[in-house]
Amino acid sequence: NEFAMDRSLASMPEAAATQRREVLELRGKQEEQELEQMRRAQGGTKAEEQVGRTSGDANWREQRGELGANAEAKAKALELSEQGLACVSTGSS
């Protein structure tokens, strides 16, 4: 993340830090592009990947941001807490 990158570059001379930051930013963009290409090649995400974590205590998962990336994923993760993801991948609810 940005904070970790800035902190790691703080001890470097400014010219070297600027160059390193540019290299890291370019690398990050390239990795994002590769990831997006892989997602497209695989046909997007699977149904079970659209749901947050379903095991463990709901409060514990929520504190750690593991219920899903959006409200729909969170709701589905809570709904499936007792069943797990098996019903998602098979298409039944």
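How many salt bridges does the structure hold? The answer is seven, and several of them are worth visiting in turn after a brief look at the chain that carries them.

The model described here is predicted. Its mean pLDDT is 81, and 88% of the residues of the protein chain reach 70 or more. Confidence varies along the chain: among its elements, helix α2 has the highest mean pLDDT, at 92, while helix α5, covering residues 86–90, has the lowest, at 53. Where pLDDT is low, the predicted coordinates should not be read in detail.

The protein chain contains five helices and zero strands, so that its pattern along the sequence reads α-α-α-α-α. Of its 93 residues, 15% count as buried. The chain exposes about 7200 Å², and carbon and sulfur atoms supply 49% of this area. As for contacts with a separation of 6 or more, 28% of them are made by residues 24 or more positions apart.

Helix α2 runs from residue 14 to residue 41. At 1.5 Å a residue, its 28 residues should span 40 Å, and this agrees with the 40 Å found between its end C-alpha atoms. Just after the helix comes Gly 43, which takes a positive phi of about 80 degrees.

Within α2, a salt bridge joins Glu 31 to Arg 27, with 3.3 Å between the closest N and O atoms. The two residues are four apart in the helix, and are therefore separated by about one helical turn. An α-helix has 3.6 residues a turn, so residues three or four places apart point the same way. Glu 31 counts as partly exposed because its relative accessibility is 44%; Arg 27 is also partly exposed, with a relative accessible area of 44%.

A second pair links two helices. The side chains of Glu 62 and Lys 74 meet in a salt bridge, at 2.7 Å from N to O. Glu 62 lies in helix α3 and Lys 74 in helix α4, which comprises residues 71–79, so this pair ties together parts that are twelve residues apart in sequence. Both ends of the bridge are partly exposed: Glu 62 has a relative accessible area of 42%, and Lys 74 has a relative accessibility of 31%.

Helix α4 also holds a salt bridge of its own, between the side chains of Glu 79 and Lys 76, at 3.7 Å from N to O. Here the partners are three residues apart in the helix, which means that about one helical turn separates them. Glu 79 is partly exposed, with a relative accessible area of 47%, and Lys 76 counts as partly exposed at 27% relative accessibility. Beyond these pairs, salt bridges with shared partners join Glu 36, Arg 39 and Arg 40 into one network.

Which charged residue is buried yet has no salt bridge? This is Arg 61, located in helix α3, residues 58–63. The nearest side chain of opposite charge belongs to Glu 66 and is 6.7 Å away, whereas a salt bridge calls for a nitrogen-to-oxygen distance within 4 Å. Leaving aside residues up to four places away in sequence, Arg 61 touches Arg 53, Thr 54, Ser 55, Gly 56, Glu 66, Leu 67, Ala 77, Leu 78 and Ser 81.

Among these neighbours of Arg 61 is Ser 55, found in the loop between α2 and α3. Ser 55 counts as partly exposed, because its relative accessibility is 40%. Its C-alpha atom is separated by 9.9 Å from that of Glu 66, eleven residues apart along the chain; Glu 66 is also one of the residues that Arg 61 touches.

Gln 50 is likewise found in the loop between α2 and α3. With a relative accessibility of 45%, Gln 50 counts as partly exposed. Its contacts, not counting residues up to four places away in sequence, are with Thr 45 and Ala 73. The C-alpha atoms of Gln 50 and Gly 68 are separated by 7.7 Å, with the two residues 18 apart along the chain.

Terms used:
Residues numbered from 1 in each chain as written. Heavy atoms only, no water. Buried < 20%, exposed > 50% of the residue type's maximum accessible area, 1.4 Å probe, protein only. Lys, Arg positive; Asp, Glu negative; His and termini not counted. Contact = heavy atoms within 4.5 Å. Areas by Shrake-Rupley, 256 points an atom, 1.4 Å probe, with all protein chains shown as cover. Expected span 1.5 Å × (residues − 1). pLDDT = per-residue confidence, 0-100.
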